[in-house]
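Good morning, colleagues. Please look at the sequence and the structure on the screen while I take you through them.

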Amino acid sequence: MAKGTGKIRQMNITETKQLLESISALDNRKVTPETIDAWHSVIGQIPFDIAKEALKLAQQDASIKYLEPRHVFGWAKEAAFRLDKNKMPKDVKQTGFAPQPTCTDHNKPILSCKPCCHRIHKFQQAHGDADLHSFAKAEIYA
Ligand SMILES: [Zn+2]
């Protein structure tokens, strides 16, 4: 079952919950059944694979401050395009993928480093966006 394109199906509520939990891991938002329902009504029509990729893209989008379902929805088309591209056998791993800074403290990509994401988030809450980039550059990015 490793191969095959599989049928495109919409995500179920459990998958929506999974997405929200991974968002909550980054920004500590509260995930209630109501939140899940609300998100599901917006992004529930997107296949889970695409939604996961779209979420990743949305999380990398520096212009998004507080992630909303419409952001995932907005990135879904691009996500589907990228996933489709990745499926093509000729297309060997793209090297041109948006470079992500790594952190000095843990040497991890920023977006997969929970402590650093947390620091950035905390700074953003306290000081807003204006100095965020210089803070991150000075304190976090390697
Ligand atoms: Zn780190």
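How many helices and how many strands does the secondary structure of the protein come to? The secondary structure comprises 6 helices and 0 strands. Read from the N terminus on, the elements run α-α-α-α-α-α. Please bear in mind throughout that this is a predicted model.

Let me begin with confidence. The mean pLDDT of the protein is 85, and 85% of its residues reach 70 or more. Over residues 1–5, however, the pLDDT is below 50, and beyond near neighbours in sequence this stretch has 0 contacts in the model. A second stretch, residues 91–96, also has pLDDT under 50. For residues 91–96 the model has 2 contacts beyond four places in sequence. Where pLDDT is low, the predicted coordinates should not be read in detail.

Two overall values come next. Of the 142 residues in the protein, 18% are buried. Among contacts with a separation of 6 or more, 53% join residues 24 or more positions apart.

I turn now to the interior. Which residues of the largest nonpolar core touch the most other members? They are Ile46, Ala51, Ala54, Val72 and Ala76, out of 16 residues in that core. The elements giving two or more residues to this core are α1 (13–27), α2 (33–43), α3 (48–60) and α4 (69–87). Helix α3 supplies the largest share, 5 residues. Ala76 illustrates how these residues meet: leaving aside neighbours within four places in sequence, Ala76 is in contact with Ile46, Ile50, Ala51 and Ala54.

Next, the pair formed by helices α5 and α6. Two packed helices are described by the angle between their axes and the distance between the axes. Here, the axes of α5, residues 114–127, and α6, residues 132–140, come within 10 Å and cross at roughly 145 degrees. The crossing of α5 and α6 is right-handed. On the α5 side, the contact is made by Cys116, Arg119, Ile120, Phe123 and Gln124. On the α6 side, the contributors are Leu132, Phe135, Ala136 and Ile140. By class, this contact of α5 with α6 has 7 nonpolar, 1 polar and 1 charged residues.

One residue of that contact deserves a separate description. Cys116 lies in helix α5. Is Cys116 buried or exposed? Cys116 is buried, because 23 other C-beta atoms lie within 10 Å, and the cut-off for a buried residue is 20 or more. Not counting residues up to four places away in sequence, Cys116 touches Cys103, Asp105, His106, Ile110 and Ile140. Cys116 and Thr104 are 12 residues apart in sequence, and their C-alpha atoms are 9.6 Å apart in space.

I now come to the end of the chain. Tyr141 is found in the segment after α6, and Ala142 is found in that segment as well. Tyr141 is partly exposed, with 15 other C-beta atoms within 10 Å. Ala142 counts as exposed, because it has 11 C-beta neighbours inside 10 Å and the cut-off for an exposed residue is 12 or fewer.

What do these two residues contact, leaving aside neighbours within four places in sequence? Tyr141 is in contact with Pro101, Cys103, Thr104 and Ala136. Ala142 is in contact with Pro101, Thr102, Cys103, Thr104 and Asn107. In terms of C-alpha distances, Tyr141 and Gln100 are 41 residues apart in sequence and 9.7 Å apart in space. For Ala142 and Ile110, the separation is 32 residues in sequence and 9.8 Å in space, again from C-alpha to C-alpha.

Finally, a point of backbone geometry. Most residues other than glycine have a negative phi, and most peptide bonds are trans. Asn28, although not a glycine, has a positive phi of about 60 degrees. Asn28 is found in the loop between α1 and α2 and is exposed, with 11 other C-beta atoms within 10 Å. Asn107 has a positive phi of about 55 degrees, and it is not a glycine either. Its place is in the loop between α4 and α5. With 9 C-beta neighbours inside 10 Å, Asn107 counts as exposed. As mentioned a moment ago, Asn107 is also among the contacts of Ala142.

Thank you; I welcome your questions.

Definitions and conventions
Residues are numbered from 1 along each chain as its sequence is written. This is a predicted model: local features need pLDDT of at least 70, side-chain atom pairs count only at pLDDT 80 or more; totals for chains, interfaces and linings use all residues. Axes are lines fitted to C-alpha atoms, for helices over the stretch in contact, and angles run from 0 to 180 degrees between N-to-C directions. Helices (H or I, at least four residues) and strands (E, at least two) are DSSP runs, numbered from the N terminus. A crossing is left-handed if the near helix is turned anticlockwise from the far one by less than a right angle, and right-handed if clockwise. Two residues are in contact if their C-beta atoms, placed from the backbone, lie within 7 Å. Ala, Val, Leu, Ile, Met, Phe, Trp, Tyr, Cys and Pro count as nonpolar, Asp, Glu, Lys and Arg as charged, and the others, Gly among them, as polar. A nonpolar core is a set of buried Ala, Val, Leu, Ile, Met, Phe, Trp, Tyr and Cys residues joined through C-beta atoms within 7 Å. pLDDT is the predictor's confidence in each residue, from 0 to 100.
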